[in-house]
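Ready for a little backbone practice? Take a look at the sequence and the structure, then work through the exercises at your own pace.

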Amino acid sequence: MAFNFNFGASNSPSTPNRKGKASFSQAPSTTPAGPAPSHLTNFSTTPAGPPPASSRLFGSSYNAAANTFGHRATPGRKGKGKPAFAVPESSPPQYEDEDAEGSMMSPDQSGFLQSMLEPSPRGSKRDRNGQVREQADSGMADIARAFARDAGAAQRIAEVDEVVVNTEHTLAGLDGAMRGQRNASPDHTITISNAAADLTRLWSQHSENKTFSGGVGPESDDAATKATYLSTLLLQLHHPHTTRPISTRPNQRTALTRSSLPQQPSSSIPLPRALLDWLNNYHNPIPDDFNEIHSHRPSPSAHPSFWDLVGADLLRGRFMRVIRLLKDAGWQHAATARMDIHDNAKGYEGRQLDNTEEVVARCIRVLETCPALADDWNIAGSSWSLFRQRVRHAIRDLQDYATSGNEVPKQSQSTNMFSASTTTSMAASTARAENRVPQSIYEQLRMMYGLLLGDLLDFAQDWVEASILLTVWWDGEESTTALGASIADLAVSKSAACRKSAREKLREVDVAPLAAYRGRLDEVWRMVSTTVDDPNFKLDTLDAVQVGLACVFEGEVEAVFGILRSWSQTVSTAVVEVAALGGWLPVAEGRPSSRGLLGRGFSSEDLMVLSHGPGANQQAHSAGTEGIDCDEHLTSYADLLVQRDRFTDEKEGWELAISVLGRLDDSEVAQERIRAVLEAIDVHEGEERVEKVLNVCTAQGLEGLGRGIAERYADSLAASAQEGPPAYGIALIYYARAHATAKLMDTLSLLISLSLLHSAAMPPQQSLDAQLASLLSNDRAALVTLARVDTEAAELLGKGLSGYAMLRRFYDVRDQDGKLGPLMRKREAEKALTAVVQSAADCIRGGLYDPEIESVVPVEGLLVLLGEVLPLLGEKKHRVLEMKHMLALMGVCEDFKQVSGRIKDSSEGLLKASMSAYRGSGDRSGSLKKSKSSLSSASGSEEGSWEHLAESSWSMLRSAESAGSGKRGKQIEVKRGWDWRKGLDALGAEIGSGEVLMLLRTALAREVARSWGGGR
C-alpha cells in the first residue's frame, strides 16, 4: 500500500504551541509540525525496556535495539516467528517530474487505456501501466486439474430439491433478462450481480458454513458445502454483491441527476466489501466472541481478549463493533493495568484514567469519520485517502499528547534513507509518555492506527485471511515494491512530489477496478505463499478445497470449474453459465466463442470447422488448456436431471432438464436433445404431466412432437383396459390437440354407435367423465379452454362433436319425464333426430357412397336411426313430423336402398346387435375396448363386430362407484320415453333392413297423404 506522508527537512518550521488537544476533524495543516516520531518514520516505537506480555492479535512488539525489518513475533502463535520483509537495498523508484502538468493525457496514460482494451494472454496480469506481466507458475492449476481428473464429474445430484429448482429458476430468469437487454448496458452488470446474489443466498442457506477450527475451508465434508465455499468467492470476485439489503445514501449531486430516472434494484457493491462479506461468512477459523467480551463484567476491557477482538473486528471492517467496544470499555477495570502499574492493579484511575479516556475518545472520533460507516467501500477512492490522512494525523496527535510537556530528544543519527527526516526515538518518547498515557494503551492505539494504514500482514491468522485483507485494504497504488517490504515502512520513501505524480498517473483500479483487484489478489497470494515462513501460511496441496481456493486467487477459473464439477454439477453449471453471460468464461486459444458466433448466424458445423482449422489445435495445445464448453456442461447436467423422476410436487426432472437444454448456444443440438427427452417421457402418468409436456413443446417450437405425444396419450386412454368407461372426453381433447382427425372421428363414431346400439345416450349421464360432460354442456367450458391453447384443435373438435351432441340431445329429450308435454317432447326429439339422420346420409346422396364427404355421424348407424323415427309416426290426433322432414326421410330411404352392399351390411349388423341388446342376449361382463379399425372400413362379418361391441359395452351401464373397482357393481337403469325396438320385437321374425325400410316408407306415405288431405 502506498502511503502519502510529507516528511519535511530537519530545519522546517513548526507550528507554535501545538497541543495534544488538537481536533481530529480539522483539515490537515499545511504547515509542517516538526518531527513526528512514529513507527512509520523511525526504527522502533517500543519503549526501552522489556515489552509487556502480548495478546493473541496485538501482541506484536518492537525492539528498539533490533532492526525494524527483522523478525517480529507472530501474534497468537507462541514460540513461533516469521520474518518481516526487508527494505530493498536499491534506491526508491524514481517518479516523473511533478511539474510536467497539462490537460492532455500522457503517453503512459494513453498507452494504459489502449492496453486495457486489448485482450490479455492467458495466465498473465497487467501492471499499473496496463502492460502484461507474466506470473510464475505456482503449479496449483495442475494440481487442481489432477484432482478433477481423478474424481470425474459428479454422477448424482446431492443438493436438496429446493436448491436445484430455485437455482434453475434463477438461471432461467437471468437468461431471459439478458436476452431482453439486446444492447450492452450497465443493466447487464446489475442483472448478473442480482442473479449472483440470489444464488449465493440460496446456496448459503442450505450449506454448513462453519469453518474448520484453526484451519482453512468448511468443517463439513459435504460436497455441496465445499462447492458453495469456492463458488461464492468466485462469483464475488467477478460480480461483487451483497445478500443483504443495501442502504443507499446518494449524495446531493447523484440525487439531482438520477431522481427522474428509474433504476433497477441492484445488489452490486464494491469488491472490498464483497470480499469482507465472504470472509466474515465463510472463513472464521476462530469463533466470534463479541457478545461474550462486550457483556463481560465488570467491563469489556477487563477481558483478556479485549484487544484481540478490537483488532480482529478492525481487520474485517466491523467498525461499529470496534466503536461500541471502545465506548463501553470501562478502563477503570482494564486488564492491561496489571502490566502498566502492578500485578494487583484493578484498572486505571486518576490521571491515567482521564488520559486513557481522552486518547480513546480521539480514536473513536477518527473511526466515526471512516467512509465505511456511510457505506462507502471504495477504499482506493478519495474519501478513503482523506481518511488515511486523518489516521496519520491521529498518530502524530497521539504522540504529541503523550509527549506534551517533555523535552524532545536530539535527532537520531541514522543512516537509513527512510528516516532522513528529523525523528524521535520511539523508545525514548514512550518512556516519557508513561506518566500521561499508559504504555499498553499507547501501543495498542498505535497498532490500531497502523492496521488502518494497511500494516496488517503480521496480524492475519492464515494465508487466506492475509491474501484477502491485503487486497481489501489496498489503496490502489502499484504494490510490487510494497510487497517486498513492510507496508508501513514503505510509506517513508514517498515524498510529496512522488504523491503528486502518482495521483496524476492513471491507475488501473480507476479504469477497471475488478480486474485490478483480482490482479492484486493474485499478487499478494503469491507473495504470501512464497515469502512468509509460518506453518499457518502454507497451503495443504492434498486438500482439494485449499487447492481450489488458491486457483481462485490466481484467477485459474478453468481449474476451479473442474474441482467444482467433481463436487456438484448443480453449482458448477450455474457458475459456468454466469461466467459465460458475464464474459469471463475461459475458452481455448484459437477456438472462437460459440456465444458470439452462433448469434451471428454460424451453425455448429461452421464452428467445428473454425475450431479445427489450421493451427487451432496447436494453439490450444500450447496454451495447455482446452477451455470450458458451456454447452457440454449444460447437457451433462441435464442428463442428471432427467434421471430424477421428481424434485418437488410441481417440478419433474425432465422439466428442469428441458429448461437447461433450452439455453444451449447451438439451437439445433438443443432441439435434438429436447426431442429425445420428450420422446422418452411416459405419458401414462396422467393428464397433468402430458399438459406440461405439450406446453414445453409449444414453448420450444416443437409443435409436431407435441401433437405426437398428445396422440399417444389419447390412444392410451381410448385403449384403456380398466373396467368402467374410459375418459373419452380427455381422449377427444388430446386427439384434437394432436390434430388426429381420423382418430378423433373414430372415437366419436364409436360413441354414436354405442348410443344407437343401446338406444340411449352412452356413456350414461352418471358415468360421464368431467371433460366430456364439460364438452356437452351449454357453456362448453372445456372447448373454450382448448381454444385458448389451440384454435385449430378447438374448431376440429367442435365440428366433430356436433353429431354426437345432437344425438345425445335426442335421447335426453326423449327420456325427459314431465318437463314437456308428450306432443312437444316428440316434436323436439324429432328435430334433433332428423338432423342426425340427414348428417349420416350426407355421404350417400343419390345412392352413391362418397368417401370424400366428412360426415359427423357414421353412415353405418343410418338404419338404426331410421328405426328411431318409427315411434314418431302414426300419431292419430297430431302429426309430429313436418312435411319437409318427411320428404327428406323418404329421400334418405331411397338413397339407402340404392347404396352398395358393404354399407348395408354394416348398418344391418348394427341393427341386429341393437335388437339383440334389447332382447338381453350377450355376455355383459366384458370391459370396453375401442376397435382398432374404423367402423366405416370394417371387413369380414359386420354382425360379429357389432355383437362384440354390444357384449363389451355393458360396463358403461354400471354405477360409477363400481367402475374400475373390479366388482360387478349395480346396473344403471335407463328410463326411456319410448323404445323403437319394442314394436319390431313384437313381430317375432328376424329383423333386417328390408323390414325397417318397408315399415318406415309405409308410415311416411300415410303421414304425407294425411297432410295433403288436410290432417294435422
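Below are three exercises on backbone angles, each with a worked solution.

This is a predicted model, in which local features need pLDDT of at least 70, side-chain atom pairs count only at pLDDT 80 or more, and totals for chains, interfaces and linings use all residues. Residues are numbered from 1 along each chain as its sequence is written, and side-chain values use heavy atoms, with hydrogens and water left out.

**Exercise 1.** Find out where Pro-298 is located and describe the peptide bond that leads into it from Arg-297.

Step 1: Pro-298 sits in the loop between α8 (290-294) and α9 (306-315). Helices here are DSSP runs of H or I with at least four residues, strands are runs of E with at least two, and numbering starts from the N terminus.
Step 2: The bond from Arg-297 to Pro-298 has an omega near 20 degrees and is cis.
Step 3: Most peptide bonds are trans.

**Exercise 2.** Describe the loop between α33 (741-758) and α34 (770-776), which holds Pro-763.

Step 1: Going from Met-762 to Pro-763, the peptide bond is cis, with omega near -5 degrees.
Step 2: Ser-759 lies in the loop between α33 and α34 too, and has a positive phi of about 50 degrees without being a glycine.
Step 3: Ser-759 is buried, because its relative accessibility is 0%; buried means under 20% relative accessible area, exposed over 50%, and partly exposed in between (1.4 Å probe, protein chains only).

**Exercise 3.** Is Arg-780 buried or exposed, or something in between?

Step 1: Locate Arg-780 in the loop between α34 and α35 (781-789).
Step 2: Its phi is positive, near 50 degrees, in a residue other than glycine.
Step 3: Arg-780 counts as partly exposed because its relative accessibility is 28%.
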